[in-house]
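Here is a short tour of a structure, written for someone meeting it now. Please keep the sequence and the 3D view at hand.

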Amino acid sequence: MSDDRLKRGFASAAKYCAFRERAPKQVREKLLSWDFKEEEVEEIIQRLLDEKFLDEARFARAFCHDKFEFNHWGKVKIKMEMGRFDLSYQVMEEALNAINEEKYLDVIHNLTHKKWNSVKDKGEEYLQKRKVADYMMRKGFEGDQVWKVIKQL
């Protein structure tokens with residue numbers, strides 16, 4: 001392993017991490033795609049972790065925040081998508097618990113009402129409820145919370 005090669009790899013990976021939060025798995029895959037050997041990748045990743053360019057918990061919090069705030073995804077979908085990054089269960093749970101519960105319930109309420117008003121089958125109440133519930137569950141919201149809001153409509 002050349003020291004110069006590791007320095008260049010670290011610099012490139014640091015730049016990659018500085019652009020936005022990355023999961024260790026993403027950085028590992030990127031370094032491997034740049035033809036670094038496994039032991040070089042591990043050394044570079046360890047240095048990125050030591051110098052705080054890479055942080056699993058920070059990535060998880062940012063991922064949860066962005067998917068909830070901008071995409072209006074529910075916790076179920078967020079957790080499922082975070083699973084692709086091989087994050088630890090504890091890190092994922094802490095990040096999901098960081099979502100403001102009051103705001104989360106407001107989003108469920110607002111999206112449910114918005115979808116309720118846009119559904120075409122207004123005459124058939126059961127179909128309308130089913131379509132709204134299906135939509136909200138595809139967005140990753142918990143079924144019991146969705147049905148609670150639907151029953152209030």
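The charged end of R47 sits over the ring of F10, 3.7 Å from the ring centre. K67 places its charged end over the ring of W73, 5.0 Å from that centre. A charge counts as over a ring if NZ of Lys or CZ of Arg is within 6 Å of the ring centre and within 35 degrees of the ring normal.

This is a predicted model: local features need pLDDT of at least 70, side-chain atom pairs count only at pLDDT 80 or more, and totals for chains, interfaces and linings use all residues. Residues are numbered from 1 along each chain as its sequence is written, and side-chain values use heavy atoms, with hydrogens and water left out.

**Aromatic pairs**

Rings of Phe, Tyr and Trp (its six-membered ring) pair if their centres lie within 6.5 Å; planes under 30 degrees apart count as stacked, over 60 as edge-to-face, and the rest as tilted. By this rule there are seven aromatic pairs. The table gives two of them.

| Pair | Type | Centre to centre | Angle between planes |
|---|---|---|---|
| F59 and F63 | tilted | 5.8 Å | 35° |
| F68 and Y104 | tilted | 5.7 Å | 35° |

F68 lies in helix α4 and Y104 in helix α7, so this pair ties together parts 36 residues apart in sequence. Helices are DSSP runs (H or I, at least four residues), numbered from the N terminus. F59 and F63 are four residues apart in helix α4, which means about one helical turn separates them. Both F59 and F63 are buried. F68 and Y104 are buried too. Buried means under 20% relative accessible area, exposed over 50%, and partly exposed in between (1.4 Å probe, protein chains only). F59 and F63 also join F85 in one aromatic cluster.

**The cores**

A nonpolar core is a set of buried Ala, Val, Leu, Ile, Met, Phe, Trp, Tyr and Cys residues joined through side-chain atoms within 4.5 Å. How many residues does the largest one have? It has 29. Those with the most contacts inside this core are C64, I78, M82, L87, I99, M136 and F141. Helices α4 (56-69), α5 (75-82), α6 (89-97), α7, α8 and α9 each supply at least two of its residues. A second, separate core has 14 residues, among them A13, C17, V27 and L48.

L87 touches A23, E56, F59, A60, M82 and M92, leaving out residues up to four places away in sequence. Contact means heavy atoms within 4.5 Å.

**Helices α8 and α9**

Helix α8 covers residues 125-138, 14 in number. From first C-alpha to last, α8 reaches 20 Å, close to the 20 Å expected at 1.5 Å a residue. That expected span is 1.5 Å times one less than the number of residues.

Which residues of α8 are buried? They are Q128, V132, A133 and M136. These cover an arc of only 125° around the axis, so they lie on the same side of α8. The arc is that of the directions from the helix axis to the C-beta atoms. On the other side of α8, Y126 and R138 are exposed. The buried residues of α8 pack against α7 (101-118) and α9 (143-152). Just after α8, G140 takes a positive phi of about 100°.

In α9, the buried residues are Q145, V146, V149 and I150. Their arc is only 135° around the axis, so they share the same side of α9. D144, K148, K151 and Q152 are exposed on the other side of α9. The cover over the buried residues of α9 includes α7 and α8.
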